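The report below looks at one helix and its surroundings, and then at the chain as a whole.

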Amino acid sequence: VFHPIPKSSASWSYVFGSATLTCLVIQVVTGVALAMLYQPSTETAYESLKWITHSAPLGSWLRGLHYFGASGMVVLMVVHLIRVYLMAAYKYPREMNWLSGVALMGLTVSMAFTGQLLRWDDVGVWSTYVAAEQMGRIPLFGKLVAQLLIGGETVGGHTLTRFFAYHVFLIPAFLFGLVGLHLYLVLKHGISEPPVVGENVEPATYREKYEKMVKKDGVPFFPHAAWRDVVFSLAIVLLLSILAI
């Protein structure tokens, strides 16, 4: 809350990271609620989702919020990565921030992909076939990777069970761990300041220069930047809720 940040970074262009985190929280809450009623088997998966959509209280809205929340998380993360790149925030000493962010992007897309099959409809099944075919083209290890992905030679009940484990247990474990690392690195290295034309980042002097700048002109994260994060995140929640309805 009282973490000092450069005054120039308390702007609307810095709100996309927190908005992405907001979408992750939405996905966790709605995902847990859906998992309470979802039945991961080929005989009951589609029917259980139909029941959630048409019979469960607020079920249709819950599914819609999870669906659009996934898309929102991917879109906001891409925008956040673009902002970080354009602001040159991937440079020293924030290289690991960038690498962990790129890894989080891969895990987020993986979550979106594995979630498709859980519907057990035509789109989910055939997209999994396409992914397995592409995995099979990897030199030397392609067939092994494809079999590891779908749990055998073809898509079936074992694939659905495996994707449920990927989506609910395995990928989220890595995702939460990397989110924790990412936030720790943000606090450790500080929020980056917008770049200045003609001023290069010098690793030998950057930390001392940054600390002097924050001490002289810095402001606490709350309320100078936090209110923008809160307002934008609430707007995202409202938009996703409207789309779900």
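## A helix with a buried side

Helix α5 (residues 122-135) has 14 residues and reaches 20 Å from its first C-alpha to its last, close to the 20 Å expected at 1.5 Å a residue, where the expected span is 1.5 Å times one less than the number of residues. Helices here are DSSP runs of H or I with at least four residues, strands are E runs of at least two, and both are numbered from the N terminus. This is a predicted model, in which local features need pLDDT of at least 70 and side-chain atom pairs count only at pLDDT 80 or more, while totals for chains, interfaces and linings use all residues. Residues are numbered from 1 along each chain as its sequence is written, and side-chain values use heavy atoms, with hydrogens and water left out.

The two faces of α5 are set out below, with buried meaning under 20% relative accessible area, exposed over 50% and partly exposed in between (1.4 Å probe, protein chains only).

| Class in α5 | Residues |
|---|---|
| Buried | Gly-124, Val-125, Ser-127, Thr-128, Ala-131, Ala-132 |
| Exposed, on the face turned away from the buried side | Asp-122, Trp-126, Glu-133 |

The buried residues cover an arc of only 165° around the axis, which puts them on the same side of α5; the arc is that of the directions from the helix axis to the C-beta atoms. These buried residues pack against α4 (95-117), α6 (142-150) and α7 (157-189), with contact meaning heavy atoms within 4.5 Å.

In the whole chain there are ten helices and two strands, and 38% of the 245 residues count as buried.
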